[in-house]
Amino acid sequence: MSDLFYENGLHFECTQCSKCCRHETGYVFLSYNDLDRLLDFFSISKDIFVEKYCRIVDMGGHKRLSLIEKTNYDCIFWSNGVCEIYKARPLQCRSYPFWKPFLADRESWNAEAESCPGMNHGSIRDKAEIKEWLRQRDLEEYISL
Ligand code: SF4
Ligand code: SF4
């Protein structure tokens, strides 16, 4: 029998409070699929997109591409209360909060829930959905420079 703490699913419903998109510095790493989707969305070239919206992050050994932030630490694409690229937003954003570190155990999940009011509230996301997010993140190839 599985001993996953989310065997019976987890409550999550985004309240659209925007905390995960604003006010704090952080990285939104882009995969090759993310970048392709965003280039389609904006209909611009890779060079222009990277120059306008991205920064290179040294991970020690390799480098990754992340979205930039505004001077107030809002994500570059957060504007007037919405994500301007919602339909094309990166997998990192779409899969939140079903990220491996937060799914390690109940304590990790509850610790993250202190900064996300949608966690432990609202409808149940079943184990299959949670595992599907984990699977997608595992398979996703992130841009390495
Ligand atoms: S912090 Fe949680 S509830 Fe708030 S916008 Fe992000 S995912 Fe939604
Ligand atoms: S891309 Fe959109 S969903 Fe992701 S952090 Fe920026 S504003 Fe939020």
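Ala, Val, Leu, Ile, Met, Phe, Trp, Tyr, Cys and Pro count as nonpolar here, Asp, Glu, Lys and Arg as charged, and the others, Gly among them, as polar. The legends below describe a predicted model.

**View 1. The shell around ligand 2 holds 8 nonpolar residues, no polar ones and 1 charged one.** Four cysteines belong to the list: Cys21, Cys75, Cys83 and Cys93. Val28, Phe77, Trp78, Ile85 and Arg89 complete the surroundings of ligand 2. Arg is a charged type, so Arg89 supplies the charged member of this shell.

**View 2. Ligand 1 sits among 6 nonpolar, 4 polar and 1 charged residues.** One stretch of the shell runs through Cys14, Thr15, Gln16, Cys17, Ser18, Lys19 and Cys20. Tyr96 also belongs to the shell. So do Cys116, Pro117 and Gly118.

**View 3. The whole chain, for orientation.** The chain has 5 helices and 6 strands. From the N terminus, their order is β-α-α-β-β-β-β-α-α-β-α. A compact globule of 145 residues would have a radius of gyration near 15 Å; the chain has 16 Å, which agrees. Along the principal axes, the C-alpha atoms fill a box of roughly 50 × 35 × 30 Å. Buried residues account for 18% of the 145. Of the contacts between residues at least 6 apart in sequence, 70% join residues at least 24 apart.

**View 4. Strands β2 and β3 form a hairpin.** Strand β2 covers residues 54–58 and strand β3 residues 63–67. The two pair in the antiparallel sense over 5 bridges. Arginine 55 stands opposite serine 66 of β3. Isoleucine 56 faces leucine 65 of β3 in the pairing. The hairpin has 4 residues between its strands. In the turn, glycine 60 has a positive phi of about 75°.

**View 5. The largest nonpolar core has 12 residues.** Cys54, Leu65 and Leu67 are among them. Residue 54 falls in the range of β2, and residues 65 and 67 fall in that of β3. The core also includes Cys21, Val28, Cys75, Phe77, Trp78 and Ile85. Each of those six is also listed around ligand 2. Leu30, Leu38 and Tyr53 complete the core. In soluble globular proteins, nonpolar side chains tend to be buried together. Beyond its neighbours within four places in sequence, valine 28 is in contact with Ser66, Leu67, Cys75, Pro90, Gln92 and Cys93. A second, separate core has 6 residues, including Leu10, Phe12, Phe98 and Trp109.

**View 6. Tyrosine 73 and aspartate 74 lie in the loop between β3 and β4.** Tyrosine 73 has 12 other C-beta atoms within 10 Å and is therefore exposed. Aspartate 74 has 15 C-beta neighbours inside 10 Å, so aspartate 74 counts as partly exposed. The dividing value is 12: a residue with 12 or fewer is exposed. Tyrosine 73 lies 51 residues from arginine 22 in sequence, yet their C-alpha atoms are 6.1 Å apart. Aspartate 74 and cysteine 21 are 53 residues apart along the chain, with C-alpha atoms separated by 6.1 Å. Leaving aside residues up to four places away, tyrosine 73 touches His23, Glu24 and Thr25. With the same kind of neighbours set aside, aspartate 74 is in contact with Cys21, Arg22, His23 and Glu69.

**View 7. The peptide bond from tyrosine 96 to proline 97 is cis.** Its omega is near 5°. Most residues other than glycine have a negative phi, and most peptide bonds are trans. Proline 97 is placed in the loop between α3 (91–95) and α4 (106–113). Tyr96 is also one of the residues around ligand 1.

**View 8. Serine 18 and asparagine 120 have positive phi values.** Neither residue is a glycine. Phi is about 80° in serine 18 and near 65° in asparagine 120. Serine 18 lies in the loop between β1 (10–12) and α1 (32–42). Asparagine 120 is found in strand β6, residues 119–125. Serine 18 is partly exposed, because 15 other C-beta atoms lie within 10 Å. Asparagine 120 counts as partly exposed with 15 C-beta neighbours inside 10 Å. Ser18 also belongs to the shell around ligand 1.

Conventions
Residues numbered from 1 in each chain as written. Chains lettered and ligands numbered in written order. Rg over C-alpha atoms; globule rule 2.2 N^0.38 Å. Buried ≥ 20, exposed ≤ 12 C-beta atoms within 10 Å, placed from the backbone. Contact = placed C-beta atoms within 7 Å. Near = placed C-beta within 6 Å. Pairing = 2+ DSSP bridges. Core = buried A, V, L, I, M, F, W, Y, C linked by C-beta atoms within 7 Å.
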